[in-house]
Amino acid sequence: GYTSLACDIAPVFFCMPDANWDPAQHKGETVLLRSGGGSAQWGPGNFGFLDIVNMVDYDITDTAGPCYGENGANLYNCLIGAEAALTLCFENGQLELLPGQRNGITPAVLNSKFDMYNATNQQYQDDSRFRPAPIVSKSYETGTTCAQQSENDITDTTDFLPDDCFWDGVTSGCGVYDSVVRYGNGDWEDARLEYVDRNYSVDMASIGTITGLETVNIAGQTYHIDDPFRPNGSGANERPDYYQDYPELDNTAWRWHYYNAEVAASYFNSPDTVFNSTTGEVNQASLIDGSAQRSTPIDLVAVRDPNDPDNLLDPPSGAFLSRSGTGLPHCAPDASLNPRRRTIVSAVVDCDDPNNNMNGSGTATARYFVEVFLQSVSGGTTTNGDMDIYIELISDPLVVGDPSYASGVFRNLIQLYR
């Protein structure tokens, strides 16, 4: 016989919307995760952490891994936020849940992936295990995320945006629970227009609304004229010369694909050659081969010169259109080049299953394991204890080993019986 092992999985789980939900049918869609547990009722989109110390009866960290020697809160922080394989296996998807009152010890460590190191996580700012992702666009002003943030640091520019139904009020096809949209439908055409206007437009006068944007129509689809990754057109719809070697993404692309295109354009010469148009990801070989990398990364979102928009790397002195945020990390001494620094593999649980014990330090069985892209920092645009996180589903259920994933290895352990 055999038993199944799920290995190198972040100790995180979230609740599926209903028993018939299949993540394979919802790839490219946004989910709003909110911290559950404690006195909260577990329900669709609630997330929590796993009590990994009690789930295994052996030393859970590899002696050669990044978390060896850690314990207590530091161990959980490392297993969730550190870069590299963790060598931790869960048998048959049997999970033990971390008590709700302890959930608050770890969410902020996810923000190290966004180059944010607040008061409780400043110890990780110079720790190479907690390097930020290559692109860290978020709703905070440059220079305000290396220590304690405040709501005065929030900016409308350099923001992420989820599916349209999360912000334009049109909820057709989206999952609404307790009057809040929790599961999107993958449509972010309007949000992409706004995202480009906030992050890339030369004229930011229209930020905050999708009306009045300068758009182009290509193959029946609407794009912001300053979208660096829109399909190329002809005549007036042709992309500017300085975007000609950028990957082209139509409106069916996920945010995960768009983010990979941003990584390719910021860090690599000839970005379209290191971007795999089939998978929508940066080629793994390009991450290893340093010869393809730019000597100095380009901050695509921070500065535009209206008098010379072609010059992205070293704009001339004069009147600048300067955003208050940035796409590149600057707090940590070094950044990871791997786009998957902003992904985690999470367990998915049917929290309404009567066979699961979701109270306190309860138990549950994982229905799926999926890889998700972290669209936003933990806490969104507030710093008052809110732990909201927007994620995008980017994988089929992970049920077999797949070397293309940075984590999420599934094995069958053969056993002999007599």
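This passage describes the nonpolar cores of a predicted model, the strand pairing around S16, and the surroundings of Ser-336.

The model is predicted, with local features requiring pLDDT of at least 70 and side-chain atom pairs counted only at pLDDT 80 or more, whereas totals for chains, interfaces and linings use all residues. Residues are numbered from 1 along each chain as its sequence is written, and side-chain values use heavy atoms, with hydrogens and water left out.

The largest nonpolar core (buried Ala, Val, Leu, Ile, Met, Phe, Trp, Tyr and Cys residues joined through side-chain atoms within 4.5 Å; buried means under 20% relative accessible area with a 1.4 Å probe, protein chains only) has 55 residues, and those with the most contacts inside it are Phe-13, Phe-14, Met-358 and Ile-391. Its largest share, seven residues, comes from S16, a strand (a DSSP run of E with at least two residues, numbered from the N terminus). Another core, of 37 residues, lies apart from it and includes Ile-135 and Tyr-246.

Because nine of its twelve residues are buried, S16 is largely enclosed by the rest of the structure. S16 pairs (DSSP finds at least two bridges between the strands) in the antiparallel sense with S15 over seven bridges, and three bridges join S16 to S17, also antiparallel. Phe-373 of S16 is the bridge partner of Thr-343, and Glu-392 in S17 is the bridge partner of Phe-373.

Ser-336, in the loop between strands S14 (321-322) and S15 (343-349), counts as buried because its relative accessibility is 1%. Beyond its neighbours within four places in sequence, Ser-336 is in contact (heavy atoms within 4.5 Å) with residues including Glu-83, Arg-131 and Arg-341.

Terms used
Helix = DSSP H or I, 4+ residues; strand = E, 2+ residues; numbered from the N terminus. Buried < 20%, exposed > 50% of the residue type's maximum accessible area, 1.4 Å probe, protein only.
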